[in-house]
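Colleague: I am new to this structure and would like a guided tour. Could we begin with the open spaces and then turn to the interior?

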Amino acid sequence: MSGMLPLFLVSLCLIVGSVQSQSSSQDAFIIQYLERRLAQMEERLNQCEQSTTSVTQRTFDLSSEIRGYLSTLSVLRSEVKSQMDGMSVRVDRMERELEYLENKIPSQSEIEMEEALLEQQIKAAELDLLKRKAKIKVQNDCSTGLSQIKSLKIVKKAGDTYGSWFKDPSEGSAKIYLLSGIRNDTMLEYVSLQSFTERTSSPAKVVQLPFHWQGSGHVVYNGFLYYHKADTTNQIVKVDLLNGTVVDSMLLPGAGHMPVYSLNPNTYLDMAVDELGLWVIHADAEYGGNLVITKLETGTLAVESVWDTQCRSHDAEGAFLICGTLYVVYNTRYGGRSTIQCLYDIHDTIHSNESPVMFFPKRYTSHSSIHYHPGDKQLYAWDDGYQTIYKVETRKNDQVIAD
């Protein structure tokens with residue numbers, strides 16, 4: 001019995017050792033399993049983090065793209081609004097013209113005439129239509145033409161390199177107006193030329209315009225400012241200088257698609273005044289880039305007549321009209337002595353090939369605007385920031401041709 005006890009103890013120890021060995025093996029297996037699972041979870045977490053980063057970047061890119069689309073949409077919206085405003089102006093004008101025509105149409109009781117008289121009136125109307133491009137009704141004597149540019153006077157240096165200055169050609173007006181720059185909305189008004197030339201003199205009035213202007217082709221006529229509205233292709237506005245409000249506007253057909261003068265690339269519409277009234281000059285790309293002159297009715301800005309000229313816009317720096325004759329001033333892009341090399345007479349009494357080339361006084365210039373004053377017989381020019389006056393000499397058209 002005593003001999004079996006040690007044997008029993010030895011067996012028990014072996015059994016316990018075996019159990020402990022099996023338990024250690026299972027624990028190692030579980031630990032390895034857990035480590036594999038943790039590694040898999042870490043890998044999935046890394047993948048998830050990468051996916052989140054990618055989605056965040058794509059979201060940012062999409063947001064930037066949407067902001068770009070919104071900016072483009074805002075620009076398109078502004079353009080559509082501008083076009084709608086232009087259409088509204090045209091519709092209003094058409095309504096006024098239709099109302100005018102309705103008032104002009106006679107009643108049935110008034111339309112009683114013989115067939116012979118009716119045919120005669122139709123023929124007269126057709127003949128008048130054929131002559132409309134070459135003739136215009138002139139209420140005052142206007143048979144003079146430019147013979148020479150006599151003298152030069154530098155009045156002052158004020159403002160930017162480009163600009164426009166002029167005197168209101170209305171009878172009895174001595175006011176001087178200055179518009180500096182090719183895009184602005186502030187005009188300076190002086191009571192007289194003497195007041196403008198004084199160094200210490202301040203403008204009598206600073207006029208804040210309702211819209212910015214484009215280029216340097218503006219004019220003042222009978223107390224109203226006419227100018228090309230900035231950010232529009234061909235809209236002309238008429239502003240009452242007493243209160244600075246817009247009283248009328250119009251869209252000039254076919255204009256504004258190219259600069260009126262190649263040496264003044266920022267001016268697309270050039271307003272002008274002569275003995276016959278208000279004009280606007282523009283270049284027509286469909287007409288080979290040649291200049292087109294349009295006579296406007298000052299009250300309503302309605303188009304009275306249009307003339308296509310043979311004068312080219314290439315190498316031109318400005319133009320002006322005297323008694324319905326367009327005189328185009330040419331130069332070089334480097335600046336030089338300005339010359340008048342082309343003219344167009346709406347009365348068809350003088351022609352470019354019959355008129356000699358006319359030179360400006362010997363000064364190497366570059367004009368950004370030239371405005372004729374029919375009362376003073378002077379040109380008000382803007383020459384690289386210098387306000388300049390040219391005295392011109394006119395003669396009867398038959399004398400101009402003879403010379």
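Modeller: A word on terms comes before the tour: a pocket is an open set of grid points with protein on both sides within 12 Å along at least five of seven lines. A volume is the space filled by probe spheres set on the points. Please also keep in mind that this is a predicted model.

Colleague: What volume does the largest pocket have?

Modeller: The largest pocket has a volume of about 690 Å³.

Colleague: How many residues line the largest pocket, and which lie nearest its centre?

Modeller: There are 25 lining residues, and those nearest the centre of the largest pocket are Gly86, Met87, Arg90, Asn234 and Leu251. Two elements give two or more residues to this lining, namely helix H1 (4–104) and strand S9 (245–251).

Colleague: Which element provides the largest share of that lining?

Modeller: Helix H1 does, with twelve residues. By class, the lining of the largest pocket consists of eleven nonpolar, nine polar and five charged residues.

Colleague: Let us turn to enclosed spaces. How many cavities of 30 Å³ or more are there?

Modeller: The count is two cavities of 30 Å³ or more. The largest cavity has a volume of about 90 Å³, and the second largest has about 50 Å³.

Colleague: Which residues line the largest cavity?

Modeller: Its lining is made up of Phe166, Lys167, Pro169, Val219, Val220, Ala272, Val273, His371, Tyr372, His373 and Tyr380. The elements that give two or more residues to this lining are strand S2 (163–167), strand S6 (219–221), strand S10 (270–274) and strand S18. Strand S18 has the largest share, three residues. The lining of the largest cavity divides into eight nonpolar residues, two polar and one charged.

Colleague: And which residues line the second largest cavity?

Modeller: The second largest cavity is lined by Ser216, Gly217, Tyr261, Asn264, Thr267, Asp270, Glu317, Gly318, Ala319, Ser368, Ser369 and Ile370. Strand S14 (316–322) and strand S18 each supply at least two of these residues. By class, this lining has three nonpolar, seven polar and two charged residues.

Colleague: Serine 369 is on that list. Where is serine 369 found?

Modeller: Serine 369 is in strand S18, which covers residues 367–373.

Colleague: Why does serine 369 count as buried?

Modeller: Serine 369 counts as buried because its relative accessibility is 4%, and buried means under 20%.

Colleague: What does serine 369 touch?

Modeller: Leaving out residues up to four places away in sequence, serine 369 touches Gly163, Ser164, Trp165, Ser216, Tyr380, Ala381 and Trp382. With glycine 163 there is a specific pair: a polar atom of the serine 369 side chain lies 2.9 Å from the backbone oxygen of glycine 163.

Colleague: What about serine 368: buried or exposed?

Modeller: Serine 368, which also belongs to strand S18, counts as buried because its relative accessibility is 5%. Beyond its neighbours within four places in sequence, serine 368 is in contact with Thr161, Tyr162, Gly163, Ser216, Asn264 and Trp382.

Colleague: Now a change of topic. Where is tyrosine 390 found?

Modeller: Tyrosine 390 is part of strand S20 (residues 386–396). At 1% relative accessibility, tyrosine 390 counts as buried.

Colleague: Which side chain makes a polar contact with the side chain of tyrosine 390?

Modeller: The side chain of histidine 367 does, at 2.8 Å. Residues that tyrosine 390 touches, apart from those up to four places away in sequence, include Ile149, Leu152, Phe360, Pro361 and Leu379. Tyrosine 390 is also 8.9 Å from isoleucine 154, C-alpha to C-alpha, with their places 236 residues apart in sequence.

Colleague: How many residues does the largest nonpolar core have?

Modeller: The largest nonpolar core has 39 residues, and Ile281 and Phe320 have the most contacts inside it. Phenylalanine 320 touches residues including Leu146, Leu326, Ile340, Ile370 and Tyr372. Apart from this core lies another, of 14 residues, among them Tyr221, Tyr226, Leu269 and Leu278.

Colleague: Finally, how many helices and strands does the protein chain have?

Modeller: The protein chain has four helices and 20 strands. Of its 403 residues, 39% are buried. Among contacts between residues at least 6 apart in sequence, 52% join residues at least 24 apart.

Notes. Residues are numbered from 1 along each chain as its sequence is written. This is a predicted model: local features need pLDDT of at least 70, side-chain atom pairs count only at pLDDT 80 or more; totals for chains, interfaces and linings use all residues. Side-chain values use heavy atoms; hydrogens and water are left out. On a 1 Å grid over the protein atoms alone, a cavity is a set of points where a 1.4 Å probe fits but cannot get out, and a pocket is an open set with protein on both sides within 12 Å along at least five of seven lines; lining residues have an atom within 4 Å of a point. Ala, Val, Leu, Ile, Met, Phe, Trp, Tyr, Cys and Pro count as nonpolar, Asp, Glu, Lys and Arg as charged, and the others, Gly among them, as polar. Buried means under 20% relative accessible area, exposed over 50%, partly exposed in between (1.4 Å probe, protein chains only). A polar contact is a pair of N or O atoms within 3.5 Å; within protein, one must be able to donate a hydrogen and the other to accept it, and residues adjacent in sequence count only if both atoms are side-chain atoms. Contact means heavy atoms within 4.5 Å. A nonpolar core is a set of buried Ala, Val, Leu, Ile, Met, Phe, Trp, Tyr and Cys residues joined through side-chain atoms within 4.5 Å.
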